[in-house]
Structure formats: C-alpha cells, structure tokens
2 protein chains.
Amino acid sequence: MSATIHRLDKSTAPSLDPMVRLVAGDMNLVNAVILARMESQIPLIPELAGHLIAGGGKRMRPMLTLASARLLGYTGTRHHRLAASVEFIHTATLLHDDVVDGSDLRRGKRTANLIWGNPASVLVGDFLFSRSFELMVEDGSLKVLKILSNASAVIAEGEVHQLTAARRVETTEERYLDIIGAKTAALFAAACRISAVVAERPEAEELALDAYGRNLGIAFQLVDDAIDYVSDAGTMGKDAGDDFREGKATLPVILAYARGNPEDRAFWKAAMEGHRARDEDFTHAVSLIRSTRAIDDTLARARHYGQRAIDALGGFANGQAKDAMVEAVEFAIARAY
Amino acid sequence: MSATIHRLDKSTAPSLDPMVRLVAGDMNLVNAVILARMESQIPLIPELAGHLIAGGGKRMRPMLTLASARLLGYTGTRHHRLAASVEFIHTATLLHDDVVDGSDLRRGKRTANLIWGNPASVLVGDFLFSRSFELMVEDGSLKVLKILSNASAVIAEGEVHQLTAARRVETTEERYLDIIGAKTAALFAAACRISAVVAERPEAEELALDAYGRNLGIAFQLVDDAIDYVSDAGTMGKDAGDDFREGKATLPVILAYARGNPEDRAFWKAAMEGHRARDEDFTHAVSLIRSTRAIDDTLARARHYGQRAIDALGGFANGQAKDAMVEAVEFAIARAY
C-alpha cells in the first residue's frame, strides 16, 4: 500500500514503452498461444486472422492483463492463455466492426473485409470468438468465464446501441458514455480484472483493477474520438474524418452541436445524416469544433477518467508495474497532442 | 437396456409430433428463458432476435436436449437454461448465415438482414452468441462449457470451410461430409450430449447421445440439400434452387457431376460458378439430377446416417422418449418424400 499521489502533469512526453518492456517476456508467450490457436485446417482462417493480429496493433488489452498480473506479483502462467483469449475477443470485434462500418483502412492497412470480403470477415470473427471461449474453458475458472462472457455480451449490446444511435446528432453525452463504456471500456476492465482472479486476490483488488481498466478504456476512446478531428491518416492508421463521414455522434460533435448557433446545428444535423461528406464540409466541421472548444473539453473529460484510472491503483504497492500502468494512462491521453 | 431393433421402414408417415408432445411442458420453460434472456435496453435486440426466434422454427436443437433428458429420466431443471443456450447459438449462426449468403427468405419470412440490414444482423448475432455463453456460465458445468464452446468453434470453422468450397464443383463427398458434420451435426450432437452431463450419466451414454445427434444432424442436412432440388417455396420456406443459384456444391450436385458426361460436367461447373442462374438452367439441373439418380442416392446416404442415429439409442431403455427420438429420425428423412 502507498500514499504516493500520481498526477497527470509530468513534463516529459509519456510513453507506452515501460509497459511494453515490463511484459515483453510474457507477451512472447501470449503471442505463441495466439499463433497456435488461430491455426486451422482451413487456410483462410489463419491467413485472415493473421492479417489483423500481426498487423501492428499495440496488443493493448492483453498487455493490460499481463501488467495487472505483474502489479499483483503473480508468478503463474494462466494469464498467458487468458490474455490470448482477450485479444481474440477484441480481434473478432474489430473484424465485425469493419464489416458494420464498411471500413477500408485499419491501422494503416487495408481491412480484411476489403481483401477477403464481408462473409469471410463475419465467419472468421465468429471462429475467433468461439476460440476465445475455448481458451477460457481450458483455464477452467468459472469466475473468469463469468467476467469475460459478461464483457462480451456488454460489448455486443454496446455495438448495437451505437448502431441505433448512428447518424443521430441529438445523442446525449450520457448515451455516448454508455456506448463507449460498453464497446471499449468493458473489455479493458475485464482484461485487468481477470488477473486478480487468477492471482487469487481479494475482491477489492479485482474491483480496483476493473476500475483502472474501465476508466482507462473510456479515456482511450475519448482521445480516439478527438483525434478523428485533428489527425491525418499517418497518425492514426485511419483517415481523419472517418467518424464524421460515417455520421458517428462522438463527444466532439455532441459538444459542438450543443454549443452551436442554429445555423451550426443545422450543419451538424445534415452532416450526421450523411449530407455533408465533402472535404470542405469536414474542414468546416473542424473549424466549428475548434471555435466551440469541443476538442479541448473532450480531452478534459479524458483527463478526468485518466485521473480516476490512476487513482484506482492507489492501494497497490509502488514499483515498476504501477509506474508503467500510470504512464500508460498518461500516454493514452498525450496521443492527442 | 434393450435388444429391440428399430428400423427405418415403418409404413405410416412418421411425425415430429410425439417428440413435440414429449417435451411440451419443458419447452414452455425453455421459451420463457429465451424470451427473458433476449431482452435488452436496446429495443432493436429483442425486436430483431424475436423476428427469427418467434418465426416458426421447429426448435429442433433445444427439443433434442429436452428429449435426451427425458430419455435419461432426468428430473432437474438445468437443461432448460442450456436448451435456451443451444437455441441462441443456433439463432446467432442463422443470422450470420443469412448475411453471408445474402438470403432474403428464411422459413417463408423475410430475413432479418433484409429488414434491418446486415450490420444489425451481424451485431445482434454476436449478442445472442455472447448471451448463450452467459447462460452456460450460469449453469456452471465446465464439462458442458467445453462441449458447447468446442461445438461453436467447429461450427464457425465449418462455415468458413463451406465459404472456401463455395462455387467449386470439384468438392468431394468427403469434404462435403466434413462441412455438414461441422456446420450442422456438431450442434445436434452437443445438444443431445449435454443432457447426459447434467443427468450425471456415464461417458458411454454421453457418447451414445452424441452419436445419435451427430448422425441425425447429417441425415437432416442431407435431406435439406436434397429438398432444394425437389421442393417449392411452400414446402421449405425457402425457394427451391437457392443452393443451385448460390453455387453450393451439395451432395446432389457432387453425385450428378461425378456421374455426368463431359457436357453435363461443363454445365455443372458453369452453374456452380454462377453462369447458369436462369429458371430454365435450374430445370435442366433438376433433370440431370433425376437422370443420374443423385437425389435417390443422397437420400440413401441420409437413411444410412439415420439408421446409425437410431442404432446409437440401442442401449437405452425402451419407452415414450426413445420412440419419439426414433420417430424424429424417420420424420427427418421422410420430409423429402
């Protein structure tokens, strides 16, 4: 236990590197599980899954499982299989997301649905999702199974929620937070929490790690949604303006709409409905978002959740693992600057 | 145990009614679980799922779980939740299948993807699939979880296999049997087997019920694939010729191709590749299938697996449950006549 207060105001640029280094050895073992378990006699399965899994993702979610286990001093090996399971759930979700959004670019590469078609992406996603459950069942903890099956149901429900909110500029901030809490933060939370289960720690530590992951996940998604209005394709591996063109009422839009005059609101409504998709429309959207300080305040919200994530770690012993987990939060937020 | 020999040669028309009556009380409880667990704060979820789940399906798979439990004299209630879980897996698969195939008719009704679009069908399928795992986890048997998570992975793998075999007339009978063994028979087998687990019966009975379900599933699919070349929309709830137009190399096609002259083979190759999609092409296909006796022999194969299903029940006590399960096999095969 420690009373050290970590704050989000370091002067040097925060980095994910300490966490990457912390779990590098474990991650090699997780990658071995991932490679072994995406194998199939049907060549299309490893080919398509490998395109995305080997495609330069940060492995953020399994990294969180591994870092949390380090934080708790866990010395077993169960978390390797479970971290692979978490990455499979995430990959399955991405495959289906890209079908749902009709995306053609992810992490700077052509999407699987563009290369192999929507049917293959849907079915390989289903395969990875089933495989993730097989991995959990092999681990054999009903508690872990409960946490991850619940997270999966919440994610799927959040994705449907997002679909029904699509192109609706009147989405409220509360509804938006519900959606990102489900589609992003639930898996971050579960990824951290399961380490406390395998390490057989008290429920308070489970809940603390859940809170760390959940708040980090919300901060992460808020920053992603902000970056869509400030970045170019080089930064994000997706085109700036993707969310705008897809009519996603993310927080920058919700704030700019709420603060706009009637003319601005008419613009946002038309844009979300898909009638303002030219490059100059996006430029106008960015200028409205700047003038209403919508990005600044989206990032202020992200810092709020980031600080909560960091504070959730307060009860754990100081050390390399905790430092890395704190800096991961700072990194998540600093990406936007 | 019993030495009575059941054979597939009754003179009266076999019916599914005895099995329906056998499990009617249990099925009401299963339906209550299904309705309760497809609920969500997102109205689209019960609306879309309910369209398919309430849409006149026979509930064949949960019925097999319930009938198997009756065969074993199980008097508990765990199988209600698990039968609902099985139906959710099946429904999720159907939703994704219809997206993959671009189908617009299922059980005589417009498909969910036609009404609500592909994105909604993909995501609600994911939700039901996650919910099915939540139901299994609530039951708490790792053995049941292993059987059903493995079946799910096998189904998904079989669906990808079918996709990569699509439009290939040179598909072998062995490959075709692998595909239907995975995409159809695996869930039939698991649906039956889990009843032996909850009834805490010896592994031999688990395996016998697995064999009953698996062989019934293969027979069922063979007959389905035969019906596509003999029925009209009224019989099947789908249009005759759907498989033909989608270029599915089912057993009737595989046999007709193998037995055809060079001209016939050229026709089948072009047809599977999508270049013979007119009504008169389908009429020609049906005449080739008749002249090569491909339907007769597809149904002979179905009877072979049906007899194996019936023989797998040989070790169980005679009675109402066994009679109903035998007649269900006879019904599955008689549908084609």
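**Helix 13 and the A–B interface**

I will begin inside chain A, where the elements that cover the buried residues of helix 13 include helix 9 (173-198), helix 10 (203-227), helix 14 (262-272), helix 15 (279-291) and helix 16 (294-312) of that chain. Please keep in mind throughout that what we are looking at is a predicted model. Helix 13 itself spans residues 251-259 of chain A, and because 7 of its 9 residues are buried, it is largely enclosed by the rest of the structure. If you want to find them on the screen, the buried ones are A:Leu251, A:Pro252, A:Val253, A:Ile254, A:Leu255, A:Ala256 and A:Tyr257.

Staying in chain A for a moment, I would like to point to A:Ser141, which is found in the loop between helix 7 (118-139) and helix 8 (142-165). Is this loop residue buried or exposed? With a relative accessible area of 12%, A:Ser141 is buried, and, not counting residues up to four places away in sequence, A:Ser141 touches A:Arg78, A:Met136 and A:Val197.

Let me now turn to the interface between the two chains. Here 35 residues of chain B are in contact with 34 residues of chain A, and the area buried between chain B and chain A comes to about 3,200 Å², with carbon and sulfur atoms giving 79% of that area. On the chain B side, the residues that lose the most area to chain A are B:Leu123, B:Glu157 and B:Val160, which together make up 17% of what that side buries. As for polar interactions, the rule finds 0 salt bridges across the interface of chain B and chain A, whereas the count of residue pairs in polar contact, with both residues at pLDDT 80 or more, is 8.

Which elements of chain B give two or more residues to the side that touches chain A? They are helix 3 (44-53), helix 5 (78-101), helix 7 (118-139) and helix 8 (142-165) of chain B, and of these it is helix 8 that gives the most, with 14 residues. Taken by residue class, the side of chain B that touches chain A divides into 19 nonpolar, 10 polar and 6 charged residues.

How are the two copies related? A turn of 180 degrees, with a shift of 0.0 Å along the axis, lays chain B on chain A with an RMSD of 0.0 Å, and the two copies are therefore related as by a two-fold rotation axis. The same surface serves both copies, in that 97% of the contact residues of chain B recur in chain A.

I will close with two residues of chain B. The first, B:Thr184, lies in helix 9 (residues 173-198) of chain B and counts as buried, at 6% relative accessibility. Leaving aside neighbours within four places in sequence, B:Thr184 is in contact with B:Gly217 and B:Gln221, and with B:Gln221 there is a polar contact from side chain to side chain, at 2.6 Å.

The second, B:Pro18, has its place in helix 1 (residues 17-22) of chain B, and at 21% relative accessibility B:Pro18 counts as partly exposed, the cut-off for buried being under 20%. Again leaving aside neighbours within four places in sequence, B:Pro18 is in contact with B:Ala324 and B:Glu327. By contrast, B:Pro18 and B:Lys146, which are 128 residues apart along the chain, have their C-alpha atoms separated by 31 Å.

Definitions and conventions. Residues are numbered from 1 along each chain as its sequence is written. Chains are lettered from A and ligands numbered from 1 in the order in which they are written. This is a predicted model: local features need pLDDT of at least 70, side-chain atom pairs count only at pLDDT 80 or more; totals for chains, interfaces and linings use all residues. Side-chain values use heavy atoms; hydrogens and water are left out. Contact means heavy atoms within 4.5 Å. Buried area is the accessible area (1.4 Å probe) that two parts lose on being put together, summed over both. A salt bridge is a side-chain nitrogen of Lys or Arg within 4 Å of a carboxyl oxygen of Asp or Glu. A polar contact is a pair of N or O atoms within 3.5 Å; within protein, one must be able to donate a hydrogen and the other to accept it, and residues adjacent in sequence count only if both atoms are side-chain atoms. Helices (H or I, at least four residues) and strands (E, at least two) are DSSP runs, numbered from the N terminus. Ala, Val, Leu, Ile, Met, Phe, Trp, Tyr, Cys and Pro count as nonpolar, Asp, Glu, Lys and Arg as charged, and the others, Gly among them, as polar. Copies are superposed by least squares on the C-alpha atoms of residues with pLDDT of at least 70 in both. Buried means under 20% relative accessible area, exposed over 50%, partly exposed in between (1.4 Å probe, protein chains only).
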